[in-house]
Amino acid sequence: MNLRQKSRTTSAVLTFLFGPLGVFYSSAAGAIVLILVALASAGTVIGPVLCWIAAMIWGDHTVRRHNESVDRLLNRSSGDDGDGPR
């Protein structure tokens, strides 16, 4: 597992600009699923639009979950800045 935090801002920008392709930053499996759904529903307008919106939500959710997992593995609380006790 990658023990580096991922940026929620980067995820938001990538998914806003590139939709399902931007989800590759946070989740390769999620990106593939959303791309396949978008391609399958390409005959309609609503399918790809919903996939674009879902990509923004999915990207943020997976980055947040990843960061929480990293914090747990490194025995830090979510509000800890990593400097230790003061």
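Begin with the whole chain: from start to end, the protein follows the pattern α-α-α. The model is a predicted one, and its secondary structure comprises three helices and zero strands.

With the entire protein still selected, display its surface. The accessible surface comes to about 5,800 Å², and carbon and sulfur atoms hold 66% of that area. Of the 86 residues, 29% are buried. Among contacts with a separation of 6 or more, 60% link residues 24 or more positions apart.

Next, select residues 12-39. The unreviewed UniProt entry gives this span, together with residues 45-63, as "transmembrane region". In the model, residues 12-39 are 68% helix and 0% strand, with end C-alpha atoms 22 Å apart. Move on to residues 45-63: this span is 95% helix and 0% strand, and its end C-alpha atoms lie 28 Å apart.

Now select helix H2, residues 28-40. At 1.5 Å a residue, its 13 residues should span 18 Å; the end C-alpha atoms are 18 Å apart, so the expected and computed values agree.

Which residues of H2 are buried? Colour Gly 30, Ala 31, Leu 34 and Ala 38 to see them. They lie on the same side of H2, because the arc they cover around the axis is only 100°. Then rotate the view to the other side of H2, where Ala 29, Leu 36, Leu 39 and Ala 40 are exposed.

Finally, add helix H3, residues 46-73, to the selection. Against which helix do the buried residues of H2 pack? Their partner is H3.

Methods: Residues numbered from 1 in each chain as written. Predicted model: local features only at pLDDT ≥ 70, side-chain atom pairs only at ≥ 80, totals over all residues. Heavy atoms only, no water. Helix = DSSP H or I, 4+ residues; strand = E, 2+ residues; numbered from the N terminus. Buried < 20%, exposed > 50% of the residue type's maximum accessible area, 1.4 Å probe, protein only. Contact = heavy atoms within 4.5 Å. Areas by Shrake-Rupley, 256 points an atom, 1.4 Å probe, with all protein chains shown as cover. UniProt positions renumbered as here; feature names shortened; annotations may be inferred. Expected span 1.5 Å × (residues − 1). Arc of directions from axis to C-beta.
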